Protein chains: 2
Amino acid sequence: MREMFLMTPALEKPRLSIRDVAKRANCALGSASKVLNGSLEVSPAMKKRVLKAMEDMGYVPNRHARNLKSGRTYRLGLLMPFASDLYYATLLDAFNETVMETNYRLDVQLHRWIEKEEDVAIRYFVESGMEGVILHPCRTNYENVANIRLLEQYRIPCVVMGPQGICNLPDTVFRGMQDLASGMELLVKHLASLGHRKIALLLPASSSKQLGMHERLDGAKRGVASYQGVKLEVIYMRAGSDNVPSQKDFKTYGISITDYQDYVSKLVKKFLSQKKGVTAAITVNEITAWMLITALKEGGFRVPEDFSVATLGLSNTEHFGGFPLTMAEYSPMDIAQCALDALLKKIEPTLVPPSLVVRRSSAPVCFSSPGQPEEPQNNNKHERQQT
Amino acid sequence: MREMFLMTPALEKPRLSIRDVAKRANCALGSASKVLNGSLEVSPAMKKRVLKAMEDMGYVPNRHARNLKSGRTYRLGLLMPFASDLYYATLLDAFNETVMETNYRLDVQLHRWIEKEEDVAIRYFVESGMEGVILHPCRTNYENVANIRLLEQYRIPCVVMGPQGICNLPDTVFRGMQDLASGMELLVKHLASLGHRKIALLLPASSSKQLGMHERLDGAKRGVASYQGVKLEVIYMRAGSDNVPSQKDFKTYGISITDYQDYVSKLVKKFLSQKKGVTAAITVNEITAWMLITALKEGGFRVPEDFSVATLGLSNTEHFGGFPLTMAEYSPMDIAQCALDALLKKIEPTLVPPSLVVRRSSAPVCFSSPGQPEEPQNNNKHERQQT
DNA sequence: TTGAAAGCGATACCAA
DNA sequence: TTGGTATCGCTTTCAA
């Protein structure tokens, strides 16, 4: 088996050209090309002859030659950090699925949160003649990043995904993103309507690199505003690095999931003992929600009977974790379609709205719960206002 | 913002060629090319001049032209079903990471378990001049699949990942895979050594499409063979389709994770009541393990105190789920390296061995556990044999 | 309808 | 060392 590659027996010329096809079909090179491109100005007879020749010989056209000559690639570049990250993986599939319905194909590159790799990938996209680029940015500031200007120079439309706060992007770049504020608002209102009066917000520790925090908090406040007596407990999480571990943190800081679980467990203990009366929590993503549920269960709490959990997230991600979550969900397909429309139809993207999906992790507050033993109010459930 | 694309103001020629560079650097086209390719036969002065010209103009070479002329692409194709699947996502990152350490780049395509898309992707790889292809196959039989023969015809080395049983592949194709049997053996021995005497094996329902079943069962039997009195309870799982839901099943059959969770819960109830004495289970993958743990907890069992769970899986996947699992782990990087060596160095791949990593989901059997109330043996823990 | 020829943007050979 | 030129495989225009 191995020898096959080393010896390469003299079968036939490995690379066939359209010349060979024309020769075999006994026609001119140009005619063969026309058949290949589905041109109407070839006779059916000729077409059949050429097609047969191609089939017989196992002819495969050379994309590089075609692209070079035609100036078109029908390829869209997608640049994201990792694939083995619930969020990005889900988006990747959605982008692929959406693009597959068009004439285009996706060229996926991963920057692994390494700036240099982002630069290289962008350049690669330009070199390869992408007709559009979807970028999940590695940086928050593109002030002196030369390569991103190449997209402008070479007239390659680009959508940058992610929350607000990324600055110094070229003017020609579109921005697409999720409406995080509305997501938080939905969740807070949902929990409040179930009778929860003290809701914990587990947010990543604020840092200059952390994007979207502002939107999230604003949304939560909006949600609270329409309910009397509901309070938010904002808890900033730090775990190893100064944030909720992302795939990046796991790699960079060598944090293990066990460390993170322990951290969440401690956090749970703390906010259930100190901040009395918390009966529900909203997490920043699904992973943290699952961790939280595990921690709660280890602490003797039942979910959702004693404590409700909800989170922001993408639809179709529930098959990953260990517990069906109540979520404010953003449709990955909507996000993908939005980005694609921007690239292909030059439509300015709008914020993708969330929708609330209630699953097993949230339930009406229970007054005998261990979470709030000292607040035996009995009017919570009916005090709530309408959305 | 939108207008920028539509109007394309007459700045400069969008696409610069090496001709333009040569003109600006006041030299011959050939010299500029040599600088681009780091050839040593250009004077430092000339090199500097050309480099500056390129920099100033924002020149980006055309990959298609280079590939066409040089006949090389330094690209490797990776074809897999989905990205948003714990297993494949993890492998994708590993492949990317491994390839990035070479001169090559990865071209990722997804077939979504659609045979047609597999065919198109393979053809796309041939058209694009991939120098190697890693294939996570869509089919189990390649008898009449023409496109896979193109890889042979065009001398593109190919590694097919996956368990044995895939047939009618060209002789020139390498096969790479994990040593599933040894993984099962490790897990069974581990659980047996903890004193478990009745171990459930949660396997996908046998079907012609299900690969690797044989290896798994064989391995488990090997593990049992070295322990006296240990028994396996093989449980074939069916959920909607006739198998453990994969990403494919979720899409095809519209199974929701809640359905699956309910299914696993029922299964748990059944095998804990009927097959008395089961105190541990081995699942087919992490997702099922997490589901099982959730079901057990809902049934009032503590994990691992009352019941141990272990599974086969890839390393570095623990950050997904809600519970740290004891696993027979295969290193994604090893798998990737193995495949890469096959493509680049033409080394026949060998089975990638697993290693046992004990985490929170397994523990010594506890005799007061609800799982086996009627078998009060007290010599289990010391009866075990050496590995 | 068909065929001949120019040219896409690079590489690489060979003469200067 | 440098410069000119043929060539890679295809698309496309234009003349026959």
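Ten salt bridges cross the interface of chain B and chain A in this predicted model. One salt bridge joins the side chains of Arg360(B) and Glu298(A), with 3.0 Å from N to O. On the side of chain B that touches chain A, helix H6 (residues 86-100) of chain B gives the most, with eight residues. By class, that side of chain B holds 42 nonpolar, 22 polar and 25 charged residues.

How many residues of each chain take part in the contact between chain B and chain A? There are 89 residues from chain B and 89 residues from chain A. Between them, the two chains bury about 8100 Å², with 55% of this area on carbon and sulfur atoms. You can also look for polar contacts here: 31 residue pairs between chain B and chain A make one, with both residues at pLDDT 80 or more.

Now let us turn to the DNA. DNA strand C is surrounded by 25 residues, and the closest are Lys69(A), Ile18(B), Ser33(B), Tyr59(B) and Lys69(B). Of the strand's atoms that come within 4 Å of the protein, 62% belong to sugar and phosphate. Which helices each supply at least two residues of the surface near DNA strand C? They are helix H3 (29-36) and helix H5 (63-70) of chain A, along with helix H3 (29-36) and helix H5 (63-70) of chain B. The surface near the strand is made up of twelve nonpolar, seven polar and six charged residues.

Here are three polar contacts with DNA strand C to find in the structure.

| Residue and its atom | Atom of DNA strand C | Distance |
|---|---|---|
| Lys34(A), side-chain N or O | base oxygen | 2.8 Å |
| Ile18(B), backbone N or O | phosphate oxygen | 2.3 Å |
| Asn37(B), polar side-chain atom | phosphate oxygen | 2.9 Å |

Finally, take a look inside chain A. Its domain assignment gives domain 1 (18-63), domain 2 (72-175) and domain 3 (180-330). The C-alpha centres of domain 2 and domain 3 of chain A are 29 Å apart. Their contact takes 13 residues from domain 2 of chain A and 15 residues from domain 3 of chain A.

What is the area buried between domain 2 and domain 3 of chain A? The value is about 1200 Å², and carbon and sulfur atoms give 76% of it. Across this interface of domain 2 and domain 3 of chain A, there are zero salt bridges, and zero residue pairs are in polar contact with both residues at pLDDT 80 or more. The side of domain 2 of chain A that touches domain 3 of chain A has seven nonpolar residues, five polar residues and one charged residue.

Note on methods. Residues numbered from 1 in each chain as written. Chains lettered and ligands numbered in written order. Predicted model: local features only at pLDDT ≥ 70, side-chain atom pairs only at ≥ 80, totals over all residues. Heavy atoms only, no water. Contact = heavy atoms within 4.5 Å. Buried area = accessible area lost by both parts, 1.4 Å probe. Salt bridge = Lys/Arg side-chain N within 4 Å of Asp/Glu carboxyl O. Polar contact = N/O pair within 3.5 Å; in protein donor to acceptor, adjacent residues only side chain to side chain. Helix = DSSP H or I, 4+ residues; strand = E, 2+ residues; numbered from the N terminus. Nonpolar A, V, L, I, M, F, W, Y, C, P; charged D, E, K, R; others polar. Near = heavy atom within 4 Å. Domains from an automatic or database assignment.
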